[in-house]
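The report below goes through one protein model from local surroundings to pairings of charged side chains. Please keep the sequence and the structure open while reading.

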Amino acid sequence: MKSRTLKVLHELCGRAMLGHVLAAARELEPRRLVAVVGHRREQAVAYLAEQAPDVEAVVQDVQGGTGHAVRMALEQTGSLAGTVVVTNGDHPLLRGETLAALVRTHRDEGNAVTVLTTEMPDATGYGRMIRAADGSVEAIVEHKDATEAQRAVTEINVGMYAFDGTLLEDALKRVTTDNAGGEEYLTDVVGILRGDGHRAGAHLVADWVETQGVNDRVQLAQARRQLNDRILEAHMRAGVTIVDPASTWIDADVTAEPDAVVHPGTQLHGRTHLEAGASVGPNCTLTDTRVGADASVVNAVCVGAEIGPEASVGPFAYLRPGTRLARKGKIGTYVETKNAEIGEGTKVPHLTYVGDAEIGDHSNIGASSVFVNYDGVRKSRSVIGSHVKVGSDNMIVAPVTVGDGAYTAAGSVIIQDVPPGAMAVARARQRNVEGWVERKRPGTPAAEAARRAAQDRDEPA
């Protein structure tokens with residue numbers, strides 16, 4: 001990956017690669033979930049502690065091959081009776097239903113080991129699955145060791161398995177490093193178990209794309225596109241309209257109800273949720289945001305926000321964490337909000353910053369107003385009541401309270417509480433200095449315009 005980040009921690013569709021694999025594994029409801037970590041283990045251990053504390057981390061000090069990794073897991077966790085499923089951490093497209101089908105095949109056929117396989121359009125470089133007459137696995141032959149007839153086989157080993165735990169533990173003790181890489185290969189276990197008279201089977205995955213691992217950033221981008229397409233299709237089949245799938249990106253943990261609409265150029269991240277009839281986009285980025293039924297969000301960025309039913313946001317609005325917009329509320333053009341509760345039917349239409357504030361129901365905040373919440377040391381909160389009209393170009397200097405039904409005049413700097421029903425005027429009285437431009441800016445276009453206007457005014461009708 002040519003990266004400071006551990007390969008399996010590179011993200012796609014809202015999760016690390018490892019997170020996608022763990023999500024698939026959890027669908028089996030396993031008694032134990034173990035991750036073998038080695039290279040840059042501190043990153044993997046930190047990720048598991050934060051994102052997957054139920055997973056046991058096993059350290060492979062020396063990267064001695066796939067068989068060695070599984071042996072380390074068994075030695076450090078103790079014997080694992082029953083079915084043991086082994087997967088790879090860099091296969092983010094793996095589905096839980098595929099692992100479940102692997103386990104069913106394993107149990108139904110009474111296999112000691114069942115190999116996950118697929119058929120590749122071009123199997124060059126992959127280990128070939130050689131089947132016996134009864135359909136069981138006779139051998140796994142690496143490409144370089146295969147005959148011409150064997151290379152014609154298109155079924156390949158994906159590198160994931162279901163094992164009988166007790167037989168696996170015994171077979172791993174007999175895996176050698178007598179190979180070109182000097183490593184313990186998990187594929188050798190298949191031969192050992194078959195040599196002991198046990199049945200080795202295979203479960204064929206129809207969609208070979210699902211079985212592909214990620215080894216560089218090109219493959220990561222390809223996997224991201226494929227996984228996003230899968231997510232979009234699932235939403236559309238569940239009743240969500242996605243106008244342009246090619247320009248829409250939705251994370252794996254996003255949820256949406258039927259009749260939600262996602263317009264072009266939209267990204268939905270984290271645990272964003274769209275209720276029925278919600279319309280998002282075009283050109284929106286929502287992260288961990290809830291959009292209420294029949295609400296509209298256009299050309300906006302929302303992070304950690306809650307948008308109520310029938311509310312409207314945008315265009316060109318920025319909702320930061322802690323924003324809660326109630327039913328039929330409006331946050332309009334070039335408005336930024338943060339840690340703000342905005343009541344039902346209240347409007348913040350234009351060019352305004354609302355931070356650390358509570359605004360009641362059916363109030364209106366005039367254009368170009370700023371909630372001044374920071375004094376250089378601490379942040380304070382302002383409270384605006386219901387049915388309040390805040391005039392344009394107001395500064396609401398926290399902490400301050402404007403009572404229900406009050407008005408504030410345009411251009412005011414509100415630094416004191418305003419009683420309910422009062423009109424607050426906090427600005428200097430206007431004073432006109434006649435002739436100032438002609439005296440102080442003689443010869444300018446403004447002075448000439450003023451002179452002509454004065455002449456026109458003084459000429460008789």
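In which strand is valine 301 found? The model is a predicted one, and in it valine 301 belongs to strand E21, which covers residues 300–303. With a relative accessibility of 36%, valine 301 counts as partly exposed. Leaving aside residues up to four places away in sequence, valine 301 touches Thr285, Ala317, Tyr318 and Leu319. Between the C-alpha atoms of valine 301 and threonine 289, which are 12 residues apart along the chain, the separation is 9.9 Å.

**Domains and an enclosed helix**

The domain assignment of the protein chain gives domain 1 at 7–211 and domain 2 at 326–450, and the C-alpha centres of domain 1 and domain 2 lie 63 Å apart.

Helix H1, made of residues 17–26, is largely enclosed by the rest of the structure, because eight of its 10 residues are buried. The buried residues of H1 are Met17, Leu18, Gly19, His20, Val21, Leu22, Ala24 and Ala25. Their cover includes two strands, E1 (11–12) and E2 (15–16), together with helix H2 (41–51), helix H4 (96–109) and helix H8 (217–237).

**Annotated positions and their surroundings**

In an unreviewed entry, UniProt places the feature "active site" at His350. Histidine 350 is found in strand E27, which runs over residues 347–359, and at 39% relative accessibility histidine 350 counts as partly exposed. Not counting residues up to four places away in sequence, histidine 350 touches Thr333, Tyr334, Val335, Gly366, Ala367 and Ser368.

Two of these contacts appear again elsewhere. Ala367 is among the residues that UniProt, in an unreviewed entry, lists for "binding site", along with Asn373, Tyr374, Ser392, Ala410 and Arg427. Tyr334, placed in strand E26 (residues 330–342), joins Phe316 and Leu351 in making a nonpolar surface patch of about 330 Å².

Of the residues listed for "binding site", tyrosine 374 is one; tyrosine 374 is found in the loop between E29 and E30 and, with 47% relative accessibility, counts as partly exposed. Serine 380 is likewise found in the loop between strand E29 (370–372) and strand E30 (382–384). Is serine 380 buried or exposed? The relative accessible area of serine 380 is 16%, and serine 380 is therefore buried, since the cut-off for that class is under 20%. The contacts of serine 380, not counting residues up to four places away in sequence, are Asp356, Asn373, Ala398 and Pro399, and among these Asn373 is also listed by UniProt for "binding site".

**Salt bridges**

Side chains of opposite charge can pair when their charged atoms come close. How many salt bridges does the structure hold? There are 22 salt bridges, and three of the pairs are set out in the table.

| Pair | N to O distance | Citation |
|---|---|---|
| Aspartate 90 and lysine 7 | 2.8 Å | salt bridge |
| Arginine 71 and glutamate 184 | 2.6 Å | salt bridge |
| Arginine 327 and glutamate 310 | 2.9 Å | salt bridge |

In the salt bridge of aspartate 90 with lysine 7, aspartate 90 lies in the loop between strand E5 (83–86) and H4 while lysine 7 lies in the segment before E1, so the pair ties together parts that are 83 residues apart in sequence. Aspartate 90 counts as buried at 14% relative accessibility, whereas lysine 7 counts as partly exposed at 23%.

In the salt bridge of arginine 71 with glutamate 184, arginine 71 lies in helix H3 (residues 66–77) and glutamate 184 in the loop between helix H6 (165–172) and helix H7 (187–195), so this pair ties together parts that are 113 residues apart in sequence. Glutamate 184 is buried, its relative accessible area being 9%. Arg71 and Glu184 are also linked with Glu75 in a network of salt bridges.

In the salt bridge of arginine 327 with glutamate 310, arginine 327 lies in the loop between strand E25 (324–325) and E26, and glutamate 310 lies in the loop between strand E22 (306–307) and strand E23 (312–313), so the pair ties together parts that are 17 residues apart in sequence. Arginine 327 counts as partly exposed at 37% relative accessibility, and glutamate 310 is partly exposed with a relative accessible area of 38%.

Terms used:
Residues numbered from 1 in each chain as written. Predicted model: local features only at pLDDT ≥ 70, side-chain atom pairs only at ≥ 80, totals over all residues. Heavy atoms only, no water. UniProt positions renumbered as here; feature names shortened; annotations may be inferred. Helix = DSSP H or I, 4+ residues; strand = E, 2+ residues; numbered from the N terminus. Buried < 20%, exposed > 50% of the residue type's maximum accessible area, 1.4 Å probe, protein only. Contact = heavy atoms within 4.5 Å. Domains from an automatic or database assignment. Patch = residues over 30% accessible without salt bridge, like charges linked within 9 Å, V, L, I, M, F, W, Y side chains within 5 Å. Areas by Shrake-Rupley, 256 points an atom, 1.4 Å probe, with all protein chains shown as cover. Salt bridge = Lys/Arg side-chain N within 4 Å of Asp/Glu carboxyl O.
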